[in-house]
Amino acid sequence: MSESEVTVLTAADTVAPIDFYSDPPDGVRVNMVNTLDNEAAFDGRVAAISDPTDHQLLLDLRAFADVLLVGAGTVRAESYGRVILTERQIRLREATLGSTGPPPVAVVTSKGRLPRESRLFGVEPRPLIITTAVAAQEGEPDDAHETIVAGHDQVDLPQAIDALRERGFRRILCEGGPSLLQALAEHDLIDEMCVTVSPMIAGGQGGSPRSKTTLGVPRRMKLAHVLSHNDFLYLRYTR
């Protein structure tokens, strides 16, 4: 494919997104869904603005990740548990990454803790908690997770990404939420954006206002493909 060529698949009876995402970047890949009026959820949940194809894409992308990066608010809202791969996904993972085990979940939390009833605890692989030095010092040691300290009183995302890469997690898949995505963008840490445009209008969802960006200039990305199914658009942008 030439640099100016873009894959466009429209009005497809069946879209198999897995065929278009099997070459993850060596860096941070973000996967998200937005409504037409730029909302990332409805009533705090993603399911209302998603559909089965979009949900399958979310699951399939995990097969190509060394680690999942998620904000604590998203973990709570979506009741995150350990990653479970199907036999097909395991075969794809082995062919692409040379690994069959599921990726761990890395949770970004400035407070350094999750509810004890979280479905991430008591499973393998153990989750990673990315937090601050202050929160880590105040918390109690816990064998249920591994703690990564990045930053003093605020999570330092560049430091956190470096720490993940030092542990061998080079292909990082971020699944949200909006605050974590904004922070990654501000530090120019996004290597690929996988955006599902949902044909929904959600109205104002009362989310907290975003702070002003610290980016000097906008980061331009290159469109790799456009897929369409059931009025949803699947966009992939790379550096």
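This section describes the confidence of a predicted model, the setting of strand β5 and the surroundings of D54.

The mean pLDDT of the protein chain is 87, with 88% of residues at 70 or more. Confidence varies along the chain: the lowest mean, 68, belongs to strand β1 (residues 7-9), and the highest, 98, to strand β7 (residues 172-174). Where pLDDT is low, the predicted coordinates should not be read in detail.

Strand β5 spans residues 128-131. It pairs with strand β4 (residues 105-108) in the parallel sense, over 3 bridges, and with strand β6 (residues 146-149), also in the parallel sense, over 4 bridges. On the β4 side, A106 has L128 of β5 as its bridge partner. On the β6 side, I129 stands opposite T147. The side chains of β5 point in two directions, L128 and I130 one way and I129 and T131 the other. Residues on both faces of β5 are buried, namely L128, I129, I130 and T131.

An acidic residue, D54, lies in helix α1 (residues 52-62). D54 is buried but forms no salt bridge. The nearest side chain of opposite charge is that of R62, at a distance of 11 Å, whereas a salt bridge requires the charged atoms to be within 4 Å. The side chain of D54 instead makes a polar contact of 2.7 Å with the side chain of T196. Leaving aside residues up to four places away in sequence, D54 touches V33, T196 and Y234. T196 is thus listed among the residues touched by D54 and is also its partner in the polar contact.

Terms used
Residues numbered from 1 in each chain as written. Predicted model: local features only at pLDDT ≥ 70, side-chain atom pairs only at ≥ 80, totals over all residues. Heavy atoms only, no water. Buried < 20%, exposed > 50% of the residue type's maximum accessible area, 1.4 Å probe, protein only. Pairing = 2+ DSSP bridges. pLDDT = per-residue confidence, 0-100. Lys, Arg positive; Asp, Glu negative; His and termini not counted. Polar contact = N/O pair within 3.5 Å; in protein donor to acceptor, adjacent residues only side chain to side chain. Contact = heavy atoms within 4.5 Å.
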